[in-house]
Amino acid sequence: MSKLVIVESPAKAKNIKGYLGKGYEVIASMGHVRDLPAARLSVDVENDFEPKYAIIKGKENFVEDLKKKAHKADYVYLATDPDREGEAISWHLASILDLDLKDKNRVTFNEITKSGVSRGMADPREIDIDLVNAQQARRILDRLIGYKLSPFVSQKIRRGLSAGRVQSVALRLVVDRENEIRAFVPEEYWSIDAKLNNPPDKKSFEAVLVADPEGNNLKPDKKELKTKEDSDYILKKLEGAEYVVKSVKKGTRKKSPTPPFITSTLQQEASRRLSFQARRTMKAAQELYEGVDVKGMGTVGLITYMRTDSLRISEEARAAGNAYIREAYGEKYLPSKPRNFRTKGNAQDGHEAIRPSMPHVTPDMVKDSVSTDQYKLYKLIWERFIASLMESCIQETLKVEIDANGYIFNATGYSVRFDGFTALYEEKTDDNTKNASEAPLPPMKEGDVLHLKSLTGNQHFTQPPSRYTEASLIKALEENGVGRPSTYVTITTTILSKEYVVREGKQFVPTELGEAVTKLLKETLPNIVNVKYTSKMEDDLDKIDSGEKDYIDMIRLYYDDFEAPLEKAKKDMQGVKIKLKEEETDITCDKCGRKMVVKVGRFGKFLACPGYPECKNTKPLVHKTSAKCPNCGGDIIEKKTRKGTSFFGCSNYPDCNFMTWDTPTDEKCPECGKSLFKKKGNVIYCPDTENCGFSKQGTRKK
C-alpha cells in the first residue's frame, strides 16, 4: 500500500521520510495552503461570519499536484504541527482533498525522533474540529477587527498604518510605561553603610543601618533618611562608637530549580542570556525540532515542539533525564520525590514543555554538527530541563545584628551547603546586579567586638520603572493573558516594522506615531487597547478548544462589541486629522531655501519641502555618515535591506560598488588617512587591507 504523509516543512518531511521508510511518501505543504484573501474582507458578516477561503496565491500548482498524489495514494495522513494552527492546516487540506473528516487520518509528532514518529503514526485520530474552530474564531476576529480598524487609524493619522486585536494592546503597554517614566519624580533618600571586619580575620563585610536607639525603622527601602542632614546627624552620633555583635541567627533555605521552558520563558531567557531576539530564538528552535544531521546519529529532532505553554513532561523523558543525572552527578542530586510543575489554568496541555527529545544527548555531543545559534539554544534548553529534575540547592543563611551606640546594623549572607541544580544551571533575571549582602560572612558570635574600616552616608534616588525589552514585553503579555505562544514574535515584529516603537539597545521606545495611535484608540475604542478586556477575550476563545463555547457565538459577541464604537468614532471624528510633528532636517530645499522635512509615503520615508503646495520639491531620504569611501572618496551612506537591516555603501553607486556591513566611524586611519570602520568584537580597522591594514589593536598587514 502507498501512504501519503503531509507535513508543514521540507526539513521535517525529509527527516520523517527517513524514519518511515518504504511505502510512504512525505511531502511538505509549506504552511497554510488556504486562507482568507487579503484583497477583501473575505468574511460574510450577515451569514454567521462565514469565511470565504481561497487557495493562497502561488500555491495553485502545488495544490493540483497534491490532489493527484492523494488520489493515487491508498491512505493520506495529515501530520501538520501539533497546535491549533497545525490542526487548522490539516482541516484545510482535508477540505481541499475531499477527505472524510471522520477518518482517523490526523497524526501529531511532539518530537521528530524515531520513537516520536512511531508513536504518532501508531495513534491516528480524527481532526479535532473544536481546535479548528478555535483557530478560525481567532483568524476571523483578527480579520474583522484589523480590516475595519486599520483604515480608520490610517485615515485619522497617516496612510499604511495597522491596528489589531493583540498588537494594539502590546503597543499600549509600551506607551503607558513611557508615560510612567515621564511622570516619575525621583525621591532622594540616604543609607548609612559600615564596612567591618572581625579581627584577626582581615576580610571585610558590609552592614547597613536598620534602626535607631528609639526603634525607628531606618532600613533603606523605608526611605526615612531623606536628606544629607539626616545622614550627617547619625554619622555624628556614631563617632567613636564600638561595634558589638548583638545576635547571630543561623538558618537554612531551599532554592528550587525553575521549570523547563515554555515558549515565552524560552524567548525571555534567550534574550537575557544569549541576546537573541524572539524571531532568532524561534528560528533556531524550529530547526532543532524539525531535525539536524548529527554525527553518528543521522538526522534527528533534538527538541520537542517549541510552541507550547504547558509545563508537563512525559514519564519517559523524566526517567531518561534522571538516568543522566544519576550517572553524571550521583544519586544525591536527584530529589527523593519527583518534582512536578503546575501549568497555568489557561494553558493548552496538548503537548509537553520544551525539552531535549533525547535527554542523554548532551550539548557537547552535537556541538560539531549544528550551527552556533542551534548549539547555544540547545544547550540552554538541555541545561534548563536537566536542572529542573535535580535536587534543590541548600543554603546556610546568617543574619548578624550589630549594636553601635544603640544604633542597629544588619549584615546578612549565606554559604552553599549543597549546590544541587545550581551545579548545572541558574536562571538569569532582568536585574543581575550582585548584592554585596549576598557574600559569605566571616565567623561571628554574640559579644564579638568588630573593627570599623569605614562608615559612609550614601545618597540614593528612587528609580523609574524600566522600559520594556522584547523579553519583558513578552513576559507582560503572558502574565496578562494577552496573545498566545505562537503570536508573541508576530506582535513584537509588527509594532517594530510599523515604526510604532524603535529599539534603543534592547529597550522598546514608543515613537510619536505609536503614541498617537494609542491615544486615538484609547479615546475612541477603549476596549481594543484594554488589557483585561483582551485577556477575557483570549480566555473565551480558549474555551472553544474544549467545546465549552460556540465559535460563531464568540465571534458575534466580540464583533458586536467592536462594531458599534467604531461606527460612532467614525461619525464623531468625521473630517478630523491628527497631525504629527514633522522631523526637520538640515537639508535645504534647492528650490525655495526652506529646511526639508521627513515624510512617509507608500514606499517609505522621503524628504519633502514644508512649503507644499507652493513648493512641491521632494528628494530621496539618504542617511549620510561622516565617513568617506576608501575606493573613490565619495560619501558613505546608510542603506536598508528589504528586511530593514542596515548596511553601508558608497553614494556614487553604481559607478562605485563599495559596500560593507561594518559601521563607519568618525575616525581617520593614522597610517593612510582613510575612514576607519568598526566590526564585531569592537575592532576598528582600515578597510584598505591591501595597502594599509591598520587596526585599533595596532596590528598591520605585512
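**Exercise 1. Describe the contact between the side chains of Asp448 and Lys445, and state how far each residue is exposed.**

Solution. The side chains of Asp448 and Lys445 form a salt bridge, with 3.2 Å from N to O. A salt bridge here is a side-chain nitrogen of Lys or Arg within 4 Å of a carboxyl oxygen of Asp or Glu. The model is predicted: local features need pLDDT of at least 70, side-chain atom pairs count only at pLDDT 80 or more, and totals for chains, interfaces and linings use all residues. Residues are numbered from 1 along each chain as its sequence is written, and side-chain values use heavy atoms, with hydrogens and water left out.

Next, consider accessibility. Asp448 has a relative accessibility of 13% and counts as buried, whereas Lys445, at 55%, is exposed. Buried means under 20% relative accessible area, exposed over 50%, and partly exposed in between (1.4 Å probe, protein chains only).

**Exercise 2. Determine where Asp553 and Arg556 lie and how their side chains meet.**

Solution. First, locate the pair: both Asp553 and Arg556 belong to helix 17 (residues 551–572), three residues apart, about one turn of the helix. Helices (H or I, at least four residues) and strands (E, at least two) are DSSP runs, numbered from the N terminus. Second, the side chains of Asp553 and Arg556 meet in a salt bridge of 3.7 Å, N to O. Third, Asp553 is partly exposed at 44% relative accessible area, and Arg556 is partly exposed at 30%.

**Exercise 3. Identify which strands are joined by the salt bridge between Asp635 and Lys624.**

Solution. The salt bridge between Asp635 and Lys624 spans 3.9 Å, N to O. Asp635 lies in strand 23 (residues 635–640) and Lys624 in strand 22 (residues 623–628), so the pair ties together parts eleven residues apart in sequence. Lys624 is exposed, with 60% relative accessibility.

For the wider picture, the structure holds 47 salt bridges. Salt bridges with shared partners join Arg84, Arg138, Asp142, Arg165, Arg484, Glu538, Asp539, Asp542 and Asp545 into one network.

**Exercise 4. Characterise the surroundings of Gln135.**

Solution. Gln135 is placed in helix 5 (residues 129–156) and is buried, at 6% relative accessible area. Not counting residues up to four places away in sequence, Gln135 touches His32, Arg84, Glu85 and Ala88; contact means heavy atoms within 4.5 Å. Gln135 and Asp542 are 407 residues apart along the chain, yet their C-alpha atoms are separated by 9.5 Å.

**Exercise 5. Compare the settings of Arg318 and Arg339.**

Solution. Begin with Arg318, which lies in helix 10 (residues 315–328) and is buried at 7% relative accessible area. Leaving aside neighbours within four places in sequence, the contacts of Arg318 include Pro338, Arg339 and Leu389.

Arg339 sits in the loop between helix 10 and helix 11 (363–366) and is buried at 16%. With the neighbours within four places again set aside, the contacts of Arg339 include Pro257, Arg318 and Leu389. By contrast, Arg339 and Glu499 are 160 residues apart in sequence and 44 Å apart in space, C-alpha to C-alpha.

**Exercise 6. Summarise the protein chain as a whole.**

Solution. The secondary structure comprises 17 helices and 28 strands. Of the 702 residues, 48% count as buried. Along the principal axes, the C-alpha atoms fill a box of roughly 95 × 80 × 70 Å. Finally, among contacts with a separation of 6 or more, 66% come from residues 24 or more positions apart.
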